[in-house]
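Thanks for coming. I will go through one chain today, starting with how its parts meet. Please have the structure open.

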Amino acid sequence: MARIGGPTRYFVEVESEEDVREAIVFAKEKKLSIKVIGGGSNILFSDEGFDGVVLKNCMGKFDYSFEGDKCIVTADGGIVFDELVQWTIIKGLGGIECLSWIPGTVGAAPVQNVGAYGQQVSDVIKEVWVVELETGRMDILEKRECQFGYRDSIFKRDFYGKYMILRVVFEFRKFEGVRIDYKPLASYLFSHYEPWDIDLNTIRMAIFDLRMRKGMIPGLGECDFGTVGSFFINPEVNEDKLNYLKNRYDDVPNYSLGKGRYRIPAAWLIEKAGFSKGYRCGNVGISPYHALALISYGGTRKELMNLACRIQDAVWSNFGVRLEIEPDVVQE
Ligand SMILES: Cc1cc2nc3c(=O)[nH]c(=O)nc-3n(C[C@H](O)[C@H](O)[C@H](O)COP(=O)(O)OP(=O)(O)OC[C@H]3O[C@@H](n4cnc5c(N)ncnc54)[C@H](O)[C@@H]3O)c2cc1C
């Protein structure tokens, strides 16, 4: 898989809180900044590389207890997120089955509040345990303090680069039957299964199929290119903007958020602005399977960001809608 970005000066894998503290002291002594990563699936370092310390969370402790119909899980940040999803499915716990196959780690999941097919991880988060990179001080943030939003949290804004997420405490409940909020998933399930046959496993398998069709399972099928998944966040628009689009097109896909706000698929805007699936410009382009995924065939970050800017400009000048970039584009 073609990756983007240059080398880092130091790369440290931390397996314990003691390792984290040592790495912080090391970076301070060398007067270098720290960048925390998990699986590196949603981050774009510059082509010149990173002149600091990249800290990879490899902590892997896992603990759980049942309290009545609730299950409290404490999972270290280095655990692969999809392994947690699989564990909940085996245990018959609902809440993150629709997040099956999302790449990355538990520690990164709260950062952009990973979500898909009608679920988001904040629905089941209770606490986030962090260490402040400047001081080495540990803290526990309650869910409300994380200010979760759509693909958003305080870790992407006010606390950007401030903390390393050590572990996350989740609260799951027993799966009590399907509640499918997301139409494409519902129509897939109901066209393939009888309602009484739908369980956590069938949902996971349905999502595998849907993701494969969109080239959203890296390393599988023909998805052999570098990608961070969705490159832009699906934008929110008001009623006037939606009506303006509806006057121009019969088929404007949208999802009501209430209070006169709507979410529109960025992929639809991108295609209508003239960038089709499979578009290629040098060594970067758009996935042949999904217009929201920019891909690299061995290109540079600069090439990729140029393409992203061209897409943003085209969507803005055609529709007056600003597309926000989803992955972390590291500025140093
Ligand atoms: C093919 C593909 C499909 C995807 N599909 C989805 C999807 O459906 N829904 C969705 O929401 N996302 C999706 N993503 C994005 C990605 O899976 C998530 O953002 C994931 O949480 C990234 O995890 P990671 O461990 O790789 O994080 P990284 O890429 O390593 O880091 C991402 C960000 O989190 C920060 N970070 C990572 N770990 C920590 C930590 N322990 N403490 C503090 N900060 C940390 C980094 O500094 C960076 O800002 C997809 C990505 C790909 C490649």
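**Domains, ligand shell and core**

In this predicted model, 12 residues of domain 1 are in contact with 13 residues of domain 2, contact being C-beta atoms, placed from the backbone, within 7 Å. On the domain 1 side, α1 (17-30), β2 (34-37) and β4 (50-57) each supply at least two residues, and α1 gives the most, with four. Helices (H or I, at least four residues) and strands (E, at least two) are DSSP runs, numbered from the N terminus. By class, that side has five nonpolar, five polar and two charged residues. Here Ala, Val, Leu, Ile, Met, Phe, Trp, Tyr, Cys and Pro count as nonpolar, Asp, Glu, Lys and Arg as charged, and the others, Gly among them, as polar.

Some conventions. Residues are numbered from 1 along each chain as its sequence is written. As the model is predicted, local features need pLDDT of at least 70 and side-chain atom pairs count only at pLDDT 80 or more, while totals for chains, interfaces and linings use all residues.

The full division is domain 1 (8-57), domain 2 (62-174), domain 3 (183-213) and domain 4 (226-329), with bounds from an automatic or database domain assignment. The centres of domain 1 and domain 2, taken over C-alpha atoms, are 21 Å apart.

Next, the ligand. There are 33 residues around it, and Gly38, Gly39, Gly104, Gly107 and Gly229 come nearest; the cut-off is a C-beta atom, placed from the backbone, within 6 Å. β2, β8 (115-116), β12 and β13 (226-230) give two or more residues each to this shell. Its residues divide into 16 nonpolar, 14 polar and three charged.

Now the core. The largest nonpolar core, meaning buried Ala, Val, Leu, Ile, Met, Phe, Trp, Tyr and Cys residues joined through C-beta atoms within 7 Å, has 85 residues. Buried means 20 or more other C-beta atoms within 10 Å of the residue's own, again placed from the backbone. Met164, Ile270 and Leu294 have the most contacts inside this core, and β12 gives the most to it, with seven residues.

Last, α2 (residues 81-90). Which of its residues are buried? Phe81, Leu84, Val85 and Thr88 are. They lie on the same side of α2, because they cover an arc of only 100° around the axis, taken from the directions from the helix axis to the C-beta atoms. What covers them includes β6 (70-76), β7 (93-94) and β12 (163-174). Just after α2, Gly92 takes a positive phi of about 75°.

Technical notes. Buried ≥ 20, exposed ≤ 12 C-beta atoms within 10 Å, placed from the backbone. Contact = placed C-beta atoms within 7 Å.
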